[in-house]
Amino acid sequence: MANQYCTFRLGGHLFGVPVETVQEVLREQNLTPVPMASREVSGLINLRGQIVITVDLRERMGLPARDEHLEATNIVVRTSGDTVTSLLVDKIGDVLEPELDRFEAPPDTVVGRVRELVTRVCKLDRELMLVLDTDKAVDIDAAARSY
């Protein structure tokens with residue numbers, strides 16, 4: 001289980017997060033807006049009585065906005081500070097367990113805010129899987145400082 005990744009699609013890219021960081025995956029949820037929150041915060045969801053912030057990864061990474069008619073998926077992750085956050089993604093994928101020798105540093109073609117949030121890439125048979133650093137992805141305060 002140490003090398004398993006929950007994958008998802010976002011803006012045409014394949015991303016992965018370590019399975020052990022994923023609490024659950026939910027269809028698009030009703031969001032409660034947060035007044036004066038940063039652009040990356042889509043809102044709050046009520047997860048069985050626990051209030052969870054939702055981060056729009058498209059906004060966080062500077063990718064184009066999702067088409068309004070497309071439904072998003074929520075991946076609820078636990079970060080190192082044991083914080084629970086929901087990541088808004090385009091589509092959930094499979095759980096993959098790639099060989100360790102397929103991983104390497106992100107190439108120069110991974111640019112901008114995406115590069116800041118990716119720790120490494122994994123060469124799969126047909127594409128690259130970008131490994132997302134969930135701690136950095138949910139750190140909205142750091143994002144606000146970088147603008």
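Which residue in β11 does Arg 120 stand opposite? Let me start there, because a single pair of facing residues is a convenient way into the sheet, and please keep in mind throughout that what we are looking at is a predicted model. The residue that Arg 120 faces is Val 131 in β11. The strands around this pair are β10, residues 118-123, and β11, which are paired in the antiparallel sense over five bridges, and which together make a hairpin with four residues between them. A second pair in the neighbourhood of this hairpin is Cys 122, whose bridge partner in β11 is Met 129.

Now let me widen the view to the sheet. It is an open sheet of six strands, and if you read across it the order is β8-β1-β2-β11-β10-β9, with mixed pairing. The edge strands, each of which pairs on one side only, are β8, residues 91-96, and β9, residues 103-104. As background for the pairing terms, strands of a sheet pair through backbone hydrogen bonds, and they do so in either the parallel or the antiparallel sense.

On its other side, β11 meets β2, and here the two strands run parallel and are joined by three bridges. Within that pairing, Phe 15 has Leu 130 as its bridge partner in β11. Further along the order, β1 and β8 pair in the antiparallel sense over four bridges, and one facing pair to pick out on your screen is Arg 9, which stands opposite Lys 91 in β8.

How many of the six residues of β8 are buried? The number is zero, so β8 lies largely in the open. Compare that with β11, where four of the five residues are buried and the strand is mostly covered.

That brings me to the interior. The largest nonpolar core holds 25 residues, and those that touch the most other members are Phe 8, Phe 15, Leu 57, Met 61, Val 114 and Leu 132. Two or more residues of this core are given by each of several elements, among them β1, β2, β10 and β11 from the sheet, together with the helices α1, residues 57-61, and α2, residues 112-117. The largest share, three residues, comes from β1. For context, nonpolar side chains in soluble globular proteins tend to be buried together.

If you would like one residue to centre your viewer on, I would suggest Leu 132. Leaving aside residues up to four places away in sequence, Leu 132 touches Phe 8, Gly 16, Val 17, Pro 18, Leu 57, Met 61, Leu 87, Leu 117 and Ala 137.

Next, the largest pocket, which encloses about 170 Å³ of space. Its lining consists of Gly 12, His 13, Leu 14, Thr 109, Val 110, Val 111, Val 114, Glu 127, Leu 128 and Leu 130. Sorted by class, that lining has six nonpolar, three polar and one charged residues. Both β2, residues 13-18, and β11, residues 128-132, supply at least two residues each to the lining. Two of the lining residues have come up already: Val 114 lines the pocket and is also listed among the core members with the most contacts to other members, while Leu 130 lines the pocket and is the bridge partner of Phe 15.

Outside the six-strand sheet I would like to mention another pairing, between β4 and β5, the latter being residues 50-56, which are antiparallel over six bridges. These strands form a hairpin with two residues between them, and Arg 48, in the turn, has a positive phi of about 50°. Leu 47 stands opposite Gln 50 in β5.

Arg 48 leads me to two further backbone angles, both in loops. Met 36, which is not a glycine, has a positive phi of about 65°; it sits in the loop between β3 and β4 and is exposed, with a relative accessible area of 85%. Asp 82, also not a glycine, has a positive phi of about 60°; it is found in the loop between β6 and β7 and counts as exposed at 53% relative accessibility, given that the cut-off is over 50%.

Finally, a distance. Ala 65, in the loop between α1 and β6, counts as exposed at 70% relative accessibility. From Ala 65 to Glu 99 there are 34 residues in sequence and 33 Å in space, taken C-alpha to C-alpha.

Technical notes. Residues numbered from 1 in each chain as written. Predicted model: local features only at pLDDT ≥ 70, side-chain atom pairs only at ≥ 80, totals over all residues. Heavy atoms only, no water. 1 Å grid on protein atoms, 1.4 Å probe; cavity = no way out; pocket = protein on both sides within 12 Å on 5 of 7 lines; lining within 4 Å. Points joined across faces, edges and corners; volume = space filled by probe spheres on them. Nonpolar A, V, L, I, M, F, W, Y, C, P; charged D, E, K, R; others polar. Pairing = 2+ DSSP bridges. Core = buried A, V, L, I, M, F, W, Y, C linked by side-chain atoms within 4.5 Å. Buried < 20%, exposed > 50% of the residue type's maximum accessible area, 1.4 Å probe, protein only. Contact = heavy atoms within 4.5 Å.
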